[in-house]
Amino acid sequence: VQVVGSGGGSVQAGGSLRLSCAASGDTSCISAMGWYRQTGGKARELVAQITSAETTYYADSVKGRFTISRGNVEHTVFLHMVSLTPDDTAVYYCNVESLCDTVGAEYWGRGTRVTVSS
């Protein structure tokens, strides 16, 4: 599975951005797609995820501000981010989880940087 994420940039606090993620290749076993973010030397944290069953998850810090949705093209998702704050500054990574016959795997896109200035 190949994963391509895009859409980062620089905005002022209160602004908005939309991140895009597209998965290609052997996508038959994809079970979830989502976004993680990472700052400094910290571990990546799950920001938002949507499963094949259309279940969504949001980190508490982004609830009410971020929305994950599917695109019209299969295996494409968007992360709509509004009311951004400097705390949202991070490198965002698209993540794809797959599950085939109990064998799980995950795939990562290259990070896209989001910078929010005060």
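## Exercises: working through a predicted model

**Exercise 1.** This is a predicted model. Which residues does leucine 79 contact, leaving aside its neighbours within four places in sequence?

*Solution.* Start with the contact list: leucine 79 meets Leu17, Arg18, Leu19, Trp35, Val47, Ala48, Phe66, Thr67 and Ile68. Next, put that into context: Leu79 is among the residues with the most contacts inside the largest nonpolar core, along with Trp35, Phe66, Met81 and Tyr92. That core has 27 residues. Strands E3 (17–24), E4 (30–38), E5 (45–51), E7 (66–70), E8 (76–81), E9 (90–100) and E11 (112–117) are the elements that each give it two or more residues.

**Exercise 2.** Is threonine 112 buried or exposed, and what does its side chain pair with?

*Solution.* First, find the residue: threonine 112 sits in strand E11. Then check the area: the relative accessible area is 11%, and the cut-off for buried is under 20%, so threonine 112 counts as buried. Now list who's around, skipping residues up to four places away in sequence: Ser6, Gly7, Gly8, Leu19, Trp35, Ala90, Val91 and Tyr92 all touch threonine 112. Finally, look at the polar atoms: one in the threonine 112 side chain is 2.9 Å from the backbone nitrogen of glycine 8.

**Exercise 3.** What separates the C-alpha atoms of serine 31 and leucine 99?

*Solution.* Serine 31 belongs to strand E4. Along the chain, serine 31 and leucine 99 are 68 residues apart, yet their C-alpha atoms are separated by 6.1 Å. To finish, check the contacts beyond four places in sequence: serine 31 has Thr51, Ser52, Glu97, Ser98 and Leu99.

Terms used:
Residues are numbered from 1 along each chain as its sequence is written. This is a predicted model: local features need pLDDT of at least 70, side-chain atom pairs count only at pLDDT 80 or more; totals for chains, interfaces and linings use all residues. Side-chain values use heavy atoms; hydrogens and water are left out. A nonpolar core is a set of buried Ala, Val, Leu, Ile, Met, Phe, Trp, Tyr and Cys residues joined through side-chain atoms within 4.5 Å. Buried means under 20% relative accessible area, exposed over 50%, partly exposed in between (1.4 Å probe, protein chains only). Helices (H or I, at least four residues) and strands (E, at least two) are DSSP runs, numbered from the N terminus. Contact means heavy atoms within 4.5 Å. A polar contact is a pair of N or O atoms within 3.5 Å; within protein, one must be able to donate a hydrogen and the other to accept it, and residues adjacent in sequence count only if both atoms are side-chain atoms.
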